[in-house]
Amino acid sequence: MTRAAHLLIILIAAGVLAFPRLGTAAESPDGPVSVQESAFQVSSVTLDGTKLFQVRGVQAFSAEERASGIGARIEKLARDHSVRSDAIMTVEEEFATEIVAGDRVIMSVRDADARTEGITRQELAKIYVKKIREAVERYRQDRTPREIGVGVLWSSIATIILLVSLLLVRTLFRKVQNGIIEVRLADKIASIRIQSFVIVKAEQIKALLIGTMRTVRLVIILMLFYIYFHLVLSFFPWTRSLSNELLDFLLVPLTTMGIGILKHAPNLIFLAVLAFVTNYLFKLMRMFFEGLESGAITFPGFYPEWARPTFRIAGFLLVAFMAVVAFPYIPGSDSPAFKGVSIFLGVILSLGSSSVISNVLAGLTMTYRRAFRVGDRVKIG
């Protein structure tokens, strides 16, 4: 044989030996199969709101469906008092370890389930059996008349504590408001001013203190109610899952609002500053036109009776201008729903305000033409 023939035979032999290795690598746990298995999601098997263990999804069932089915079978078994908890055991099959109770199959533990835990499926099945037995015994124990009576007793005690706590909170904050803010601090609270210009009045500071105190009282009352419902619901097995999810019901909206506030924090800060500036510009305008109306400030050709209507027009224009400036910074202003509502309200105001606008213009015309003055006698009809 020539050297080229020898070389061809060696290449063919190497290829034949390489193909089985490639096939073995594709079927090994470290190949694509393990990547596919790791892509499955996991879900918790629960009983009475208590998490027992987690299972992974399989091709036939998602993780949620598999966990829900196992939990339903465990609950059905726990209701059947004819089946002892120690009857729950493992049975070895060729490709899985079955967890059974008599002739009932609770679940199957496969090698893929144990691979993520780093143990054999037999060891994992024994762990699951122990947890299922404990859960079944606890399920039955929690529904005995004695445990239900204890739950009712603790609920009554919690109700009494709640009522006493609410009474104490009411008494304490009433003493703080009437005894400290209304009496002791009333004379010490002074207006914040620059020379003769009052920035914040003493009544406003007092109202701020009272409002802060009421907010703190409301927060404390809500916390007391949350603790009360959390405890009372946890005393009974039928509502224990709701007790565990009660915090989620409270935190999910708060988390959503918190994320929204952080997301729109620059816009909200801008709107707060704009509202603050608009408020004090409005107050300055009011003081200026009150001076015009009283005669403390005079302009040639501007009559005192024009001060009030001019102030209203200027205030309306100021608010309208600030609303135009603020509109792009309002959270959700770029959404189609917000724009649709704005257009709808604009159409309604346009259709319904024609007579109002004509009357306003007529009144302003009469005012600025000085057709009538205060003290004139008029005869109608």
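Which residues is Thr 97 in contact with, leaving aside its neighbours within four places in sequence? Keep that one in mind; point 3 has the answer. Here are my notes for someone opening this structure for the first time.

1. **What you're looking at.** First things first: this is a predicted model. The chain has twelve helices and seven strands. Buried residues make up 23% of its 381 residues. As for contacts with a separation of 6 or more, 54% of them come from residues 24 or more positions apart.

2. **A three-strand sheet.** A good place to start is the open sheet made of three strands, which run in the order E3-E4-E5 with antiparallel pairing. Strand E3 (88-92) and strand E5 (104-110) are at the edges, and each has a single partner strand, so one side of each has no neighbour in the sheet. Neighbouring strands here are turned by 25° against each other on average, ignoring direction. If you look at E4 and E5, you'll find six bridges in their antiparallel pairing. As a reminder, strands of a sheet pair through backbone hydrogen bonds, either parallel or antiparallel.

3. **Thr 97 and its surroundings.** Back to the opening question. Thr 97 belongs to strand E4, which covers residues 96-101. Beyond its neighbours within four places in sequence, Thr 97 is in contact with Thr 90, Val 91, Glu 92, Met 107, Ser 108, Val 109, Arg 121, Gln 122 and Ala 125. One of these, Val 109 in E5, stands opposite Thr 97. Is Thr 97 buried or exposed? Its relative accessible area is 0%, so Thr 97 counts as buried.

4. **Two polar contacts from one side chain.** Have a look at what the Thr 97 side chain does. A polar contact of 2.9 Å joins it to the side chain of Glu 92. The side chain of Thr 97 also makes a polar contact with the side chain of Arg 121, again listed at 2.9 Å.

5. **Glu 92 and Arg 121 pair up too.** Those two partners of Thr 97 are worth following. Arg 121 forms a salt bridge with Glu 92, and the closest N and O atoms are 3.4 Å apart. This pair links distant parts of the chain, with Arg 121 in helix H5 and Glu 92 in strand E3, 29 residues apart. Arg 121 is buried, at 9% relative accessible area, whereas Glu 92 is partly exposed, at 42%. There's a third member as well: Glu 92, Asp 111 and Arg 121 are linked in a network of salt bridges.

6. **Helices across the sheet.** Which helices should you look for here? Helix H3 (residues 63-79) lies across E3, E4 and E5, and runs at about 145° to E5. Helix H5 (residues 121-142) also lies across E3, E4 and E5, running at about 160° to E3.

7. **Leu 77 on helix H3.** Leu 77 is a handy residue to click on, as it sits in helix H3. Leu 77 is buried, with a relative accessible area of 3%. Setting aside neighbours within four places in sequence, Leu 77 is in contact with Val 83, Ile 88, Ala 101, Arg 104, Ile 106 and Arg 140. Take Ala 101 from that list: Leu 77 and Ala 101 are 24 residues apart in sequence, with their C-alpha atoms 8.2 Å apart in space.

8. **Other salt bridges.** How many salt bridges does the count come to? It comes to ten. Among them, Asp 86 pairs with Arg 84, with 3.0 Å between the closest N and O atoms. Asp 86 is partly exposed at 40% relative accessible area, while Arg 84 counts as exposed at 57%. Another salt bridge joins Glu 293 and Arg 308, and here the closest N and O atoms are 3.0 Å apart. That pair links distant parts of the chain: Glu 293 is in helix H9 (residues 265-294) and Arg 308 in helix H10 (residues 307-326), 15 residues apart. Glu 293 is partly exposed, at 36% relative accessibility, and Arg 308 is partly exposed, at 47%.

9. **A quick check on helix H12.** Helix H12 (residues 354-369) has 16 residues, which should span 22 Å at 1.5 Å a residue; its end C-alpha atoms are 22 Å apart, so the two agree. H12 is followed by Arg 370, whose phi is positive, near 55°.

Key: Residues numbered from 1 in each chain as written. Predicted model: local features only at pLDDT ≥ 70, side-chain atom pairs only at ≥ 80, totals over all residues. Heavy atoms only, no water. Helix = DSSP H or I, 4+ residues; strand = E, 2+ residues; numbered from the N terminus. Buried < 20%, exposed > 50% of the residue type's maximum accessible area, 1.4 Å probe, protein only. Polar contact = N/O pair within 3.5 Å; in protein donor to acceptor, adjacent residues only side chain to side chain. Contact = heavy atoms within 4.5 Å. Pairing = 2+ DSSP bridges. Axes fitted to C-alpha atoms, helices over the stretch in contact; angles between N-to-C directions. Expected span 1.5 Å × (residues − 1). Salt bridge = Lys/Arg side-chain N within 4 Å of Asp/Glu carboxyl O.
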